[in-house]
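Here are some notes to read beside the model. Please check each point against the coordinates.

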Amino acid sequence: MTKDLMNTQILDVAIIGGGFAGIGAAIRLKQKGIGDFAIFERGTSIGGTWRDNTYPGAACDIPSRLYSYGFAPNPNWSHTYSGSNEILGYIESMATQFGLHRHFRFGHNITGIVFDEDAGVWDISVEGRADIVRARTVVLASGPLANASLPKIPGIEDYQGHKIHSARWDHDYDFTGKKVAVVGTGASAVQIIPELVDKAASVKVFQRTPGWVLPRINRQTSPLTKELYRRVPAAESLSRAAWFYGHESVALGVVWNTPLTRVVEMVGRAQLRRQVKDPWLRRQLTPEFRAGCKRLLMTDDYYPALQRENCKLVTWPIARISERGIRTAEGIEHQADCIVFATGFEVSKAGTPIPIVGRDGRVLATEWQRGAFAYKSIAVSGYPNLFFTFGPNSGPGHNSALVYMEAQINYLVEAISTVLDRDLRMLDVRRERQDEYNAAIQRRLDSTTWNSGCRSWYLTEDGFNATMYPGFATQYVGQLRTVELGDYHVVPVTAERTAPRIVVNS
Amino acid sequence: MANAMDFDDMLQKIKDRQWALADIDWDAPGAETISPELHAKLQPFMADLMWIENVGARGFAAMAKKAPTETLREIYRYFHAEEQKHANAELALMRRWGMLDGDEIPEPNINVKLVIDFLDKYSDDMSLSFLGTVIPMLEVALDGALIKFIMDEIEDPICQEAFKKINSDESRHLAVDFAVMDLLGHAGMRKLLTELVGGWVKPTFLIGVLSYVPLLNKMRDNIVEMGVDEEKLYAAFKRYANVGERSEFARRLPMFQIVKRHSGWVINREHPYHLMADALVKVSAHVPQRWLRQPTWSKELTYEPAA
């Protein structure tokens, strides 16, 4: 670091990403009395995934009561499960309520961060800006579902019609009377398809592997209930707890491959039998993997939409995309005015969302190239004072991501306040603790549904699961209740380099 | 040969060699090379051939559910689709030759219908070793022989172009078929026998035999009726036996030995087996059509290159 940069103002905390996680971290920092932070957001508004996913029918498949922060309760949810607009509204209201807008730096796309070990400070590069931002601690809240991913199908560039990705919806495109192709049948697709079938002249749904579809009972919240939650916050907490433990019990069949997994599959089969009468279509829609292995789909509208006159399920493998449509292996070109790609996101299971250089010039992407790992999914040895939200092995299969996120945020805020209060140069997790933790995680993953044989976005090409947490949410939250300083090298600013250098194994 | 197959490479090859109906100019000159006499004979033959593609298709669809690895499952998914593509291309040829009545899809003969009905109802419940031994026989004997006949007898350049592509797909199907038979033969004898017995004791198996036996004889009769030497069909039967015998592992499959023995009877016109098989052809002709429902997947067949 050059001397002139040493005079740059050093932030206490840099939060990268202005979605649910970034905003949650900012609120908790403020509540802890830490105000010197900035939220770097590459977009021009807040909301992250919920800002980007505005496709018709976009909604959360976890009940709103649970898909919200415990420290920012919302008595006003309109339905059991909320649509993306309402969730985005909740995020914006939190930002306003806690005065976060002045902390936002929009249009700041972070291109890399480098740890200055001598100063105990992270140097943060921003796209298009010569000056470097410096911060004592960093919260990497960029989120796993930030980068839309188009599938690698030959000829995708040749297509002359309109292309839309579910996470970058084109609201100006009028589907009325159009021939539409939808690629993908995952969580976004099953929400989009019923909406499109209502509008378009024809919808062809290109399926690779069918998922387990479970019923979703979405009730309107009565004004009386809202009033009760407003007046008696304990009632809302109770309701949240009921949803939480309800979902926790589902883990017994969804997280682990147990006899209860069969029960979940029975519910899925019953839904299929009830809603689909044609045996061949039913065969095409029957999953060939254990329930929970891939994300469960929660919808009552998908199967009926598929059977509408103007809708058709295509299960032939896609051979290529041509100028006018999708050619499948049965030799037919399925022509379409528009192709909707509901094909998910580039999830960082290996590599990192931005280049991260830690102590001794180590590069996190290199260490993670065969699969990401961290200590309790939050900290990585060799990268002090850096904390991930939704880091490796923190994904829930059965419960609300927000419950996990809240626990991470509470943990990292405590860690950050330790760095600041004790004036630490480094709070660097011990490699041996991290290795023990990950060995246990991988051992426990062996008996989960995610590792039971299907291919999913949870796994790397080699089948390594760097994504999911193999346990109850209660266990995950429990392990993050306190920051055990014994798990870390704690190095004060005044100390010489005392923590041992660690050789990078890659 | 077979035991050295790299299935990942094969899958990539399958993906790289995909072709579409739109790649062929179905209106190009050459349709006039079909004489009126040939036209009359060819029409029912093509209708049967088109449906026999679906016998393979339905078999591969079942195997895609049984295959032990994701690569093999994907290969069978492609094979299922390719058999449908062959049926679509054959429909497009029939359309080109003026053999279709409007948009109507031609009816197959009763024996093809019986086998399709059987596969549609029961193949998903059969083991891979069972399907993996019988489907290659159907592929070699019916698909292979009939395609060879078309390529030898029909001059139409578009027909030649289409069947060259179909043939090239089929050669990959057979290569995988035999490689899988070889793989299946690696299983312990106890497992092989258990699966064999498990397959035979099912009452549904009898229905399968009663569909399969007359199908072979019926197709032989059809070929002969068209003035073709039935030896071509027999040469294909022998190929199944020869290729299988070359692998010490495929040889171990009890089902292979049974299918091979059976094919030996079929190609021996003097064998008393034919008394029963020919009788079944006659009996099956009286099976009421209403007993056989048309599977809904057959509605996806189309001669249109674009949809």
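The points below cover the nonpolar cores and one strand with its partners.

1. Basis. This is a predicted model, in which local features need pLDDT of at least 70, side-chain atom pairs count only at pLDDT 80 or more, and totals for chains, interfaces and linings use all residues. Residues are numbered from 1 along each chain as its sequence is written, chains are lettered from A in the order in which they are written, and side-chain values use heavy atoms, without hydrogens and water.

2. Largest core. The largest nonpolar core (buried Ala, Val, Leu, Ile, Met, Phe, Trp, Tyr and Cys residues joined through side-chain atoms within 4.5 Å) holds 119 residues. Buried means under 20% relative accessible area with a 1.4 Å probe, protein chains only. L42(B), Y76(B) and I150(B) have the most contacts inside this core. Its largest share, 15 residues, comes from helix 5 (residues 128–153) of chain B. Helices are DSSP runs of H or I, at least four residues; strands are E runs of at least two, and both are numbered from the N terminus.

3. Second core. A separate core of 73 residues includes I27(A), A415(A), Y469(A) and Y476(A).

4. Strand 4 of chain A. This strand spans residues 110–116, and 5 of its 7 residues are buried. Strand 4 pairs antiparallel with strand 5 (residues 121–126) of chain A over 6 bridges; pairing takes at least two DSSP bridges. F115(A) stands opposite W122(A). The two strands form a hairpin with 4 residues between them, and G120(A) in the turn has a positive phi of about 70°.

5. Parallel partner. Strand 17 (residues 356–357) of chain A runs parallel to strand 4 of chain A, joined by 2 bridges. Here V114(A) stands opposite V357(A).

Note on methods
Buried means under 20% relative accessible area, exposed over 50%, partly exposed in between (1.4 Å probe, protein chains only).
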